[in-house]
Amino acid sequence: MCGIAGIIHRDAEADVGSEMTNMLQAMKHRGPDSTGYALFGPPTDLVVIRFKLADANDPRDFDFKERLERHRLEVESRLGKIGAHIDRVDTETEYAYRALVRYEGDLKALADYLEDVPGCEVLSLGHSLEIVKDLGDAAEVAEMYDLGSFRGTHAIGHCRMATESDVDISGAHPYWAYPFSDVAVVHNGQLTNYYQWKRRLEASGHRFQSECDSEIIAVYLAERMAEGDSLEDAMKRSLDELDGVFTYMAVTGDSLGVAKDEMAAKPLVLYESANLVAMASEEIAIRAVLDREIDTSDPYEGQVLVWSR
Amino acid sequence: MEQVATGSRRITYDARGLAEPHAEPPRTAVIDGGKATFDAADLTTRLINLELRRLIYEEGISDVTVQNPGAKHSIGVGILQRCRITFEGSLGYFGVGLIDGPEVRITGRVGWSVAENMMSGVVVIEKVAGSLAGAAIRGGDLVVKGSVGARTGIDQKGGTILVGGDAGTMTAFMMQRGRQIICGDVGPGLGDSMYDGQIYVGGTVKSLGIDCVEGEMTDADQEMLDRKFRIYGLDKPDSFRKYVCGKVLYNYDNLEPSEKKLVIH
C-alpha cells in the first residue's frame, strides 16, 4: 500500500522535519516497515553527503563495529583523495553518517568512488537535500536521526509496506536520483516494466542499490534531466514510458512535483494555498499539520503538477 | 500490540491503529429531545462509531450531529436504520459504507469509497469526493456537489449518483443497474463494460469505454433529471447526453459448447 507525503513552504523556512514526521505517523497504517524522508535545508556551498555503511538488518558479527570504523576511515580517506575537503563527518546511528564537504568536482565520480567501499551506499548528495531512511515508523526514525530540529523549505516522505523487495534500508524510499545533486523521489505503486528499464538504465551507466522497483523512477528522471528535460517535462514523459500503477512525488532544490498514472489507481489528496502546498495519500496526513477544516482536492489520472519556490 | 524483532532493533506494529476490541461508547453526546450532538475531534474511529450506534440504536435518537470528524476513515458505517446524521467536516476513506436507511449530510469532503454498498438512504456531500464514490451501491441517492475521482459507481447495482462537478477515469465501470448524473466533464473510459443502467453527462466525455454507447433522451429521462435537481437544489446544466450499454458483449444466454451438444441430441 505505502503512504507518501510532500510539503513545500513557498516563501519561508519551517520545521519540515517534524511536519513530515507528523504527516507520516498519521499514515503509519499504510506501511509500518520503514520510513524515509527527503528534507531540504537551507542551501550551502558545501556538499551534504548522507551515507550508510551497513543495513539495519545486517548480522552483528564479532568485528561488525571494527569493520564499520575501518570503512568510515576509508570513506574519509577517499574523500580526501578525490579532492573533497572534509568540513565534518557526523555519526547519526550505528551505521549511518552525514558528511559535509567542500567539493567542486563531478558528483558521479564522487558517489562511485565512495560506494566502492564495502557496504557503502550514498543515500543522498547535494547542497540542501538530505535523505534519511530507516526501519520503523516515522516517530522512531525521527527520534533516531533527531529530525525534530530539522528546519527547511520542503520535504517528501514515505512510509513503506514492502511488496516487491526486502524490508531493509536499501529498499526504503526516498530514492536519490543518482548521480544528480538534490533530486529525490517517493513512490506508491508498482512498476511493471521494471526489468526493462533497469537493464536499459544500467546499460547507460546508472547504478542501482536495491531490488526495489521504485528506484527506477529516480534514475529515470535523472537520465531525462541529464538530457536537458526540466523536472516537469521528465515527469510528463514518465507517464508514457513507465508502466504500472503509481503516484509518485519528486523534489529538487527548489520544487516539488507529483505525477499520477493514467489509471488513477493510487490515491493523492492535495491542499494548496498561496504559500503552502501539502499533499499525501490520505487527508488525515494533511490534517496532522493543518488542524482545521480545509478544502482539498484529488488530482486526476495522468496529471503532473509541479510547484516551485 | 505485536512485537516483531528485526536485526538489532524491534519494530512495533499496530498496522491499523484501530484495534480496540473492548472499547465502550464514550457517552459524550449532548442529547436534546430527539437530537444529539458530539465532538469527534479526540475520539478514535471505533469510539465515534460506538457513540453513533449507541445514540441511534440504544437511545432511539433520529437526528445526530457529529462535529470535527477530521477526515478519519470508516466513520458511520453499517447503520441500518432510518435516521438523520450530519457530519460537520470531512470524512476519510470508506465513509458511511454499508448503510441502509440513513439520510447523511457531510459538510466537508470525503475520501475514497464513500457510501460503498449503500442499500437505501441519502448521502449528500457538500464538497468533493475521492475515487470509487458509491461503489457497488444498490439503492438510495448519493449526491456529491463538487467533483469526484476515478471509477465512480464501479459495479453499481441500483440507486442514483449525482455529481455537481467533474468525474475521472473509468466512471461507471461495470455498472449493472441504476443511474449516474454528472454535470461536468468525464474522463476516459466512461461506462466501460457496463451491463445496464443510464449515465447522463452535462459536460464533455473524454472517451467512451468498451460497449458504452450514446442513448436517446426520453421525456421520462428529462422528468427524472428535473426531479432530482429539484430535490437537492442543484443548478441543472442546459442539456444532458445519455449513455447506455451497447449490449454487444452480452453473451449470457449462449450455452457452453458441451451444453449445446446436449440440446442438439
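**Exercise 1.** For this predicted model, determine what share of the contacts in chain A with a separation of 6 or more comes from residues 24 or more positions apart, and establish how the size of the chain relates to the globule rule.

*Solution.* Begin with the contacts: among those in chain A with a separation of 6 or more, 71% join residues 24 or more positions apart. Next, list the secondary structure, which comprises 8 helices and 15 strands in chain A. The radius of gyration of the chain is 18 Å, close to the 19 Å that the globule rule gives for 309 residues, and therefore chain A is as compact as a globular protein of that length. Finally, the C-alpha trace spans about 50 × 40 × 35 Å along its principal axes, and 51% of the 309 residues count as buried.

**Exercise 2.** Identify which residues have the most contacts inside the largest nonpolar core, and which helix gives the most to this core.

*Solution.* The largest nonpolar core has 158 residues, and those with the most contacts inside it are Ala177(A), Ala184(A), Val185(A) and Leu221(A). Helix α6 of chain A, residues 215-226, gives the most to this core, with 7 residues. Taking Ala184(A) and leaving aside its neighbours within four places in sequence, one finds contacts that include Ala38(A), Leu129(A), Trp176(A), Ala218(A) and Val251(A).

**Exercise 3.** Locate the buried residues of helix α7 of chain A, and explain why they line one face of the helix.

*Solution.* In α7 (residues 231-241) of chain A, the buried residues are Leu231(A), Ala234(A), Met235(A) and Ser238(A). Seen down the axis of α7(A), these residues fall within an arc of 100 degrees, so they line one face of the helix. What covers them includes α6, β11, β12 and β15 of chain A.

Definitions and conventions
Residues numbered from 1 in each chain as written. Chains lettered and ligands numbered in written order. Predicted model: local features only at pLDDT ≥ 70, side-chain atom pairs only at ≥ 80, totals over all residues. Core = buried A, V, L, I, M, F, W, Y, C linked by C-beta atoms within 7 Å. Buried ≥ 20, exposed ≤ 12 C-beta atoms within 10 Å, placed from the backbone. Helix = DSSP H or I, 4+ residues; strand = E, 2+ residues; numbered from the N terminus. Contact = placed C-beta atoms within 7 Å. Arc of directions from axis to C-beta. Rg over C-alpha atoms; globule rule 2.2 N^0.38 Å.
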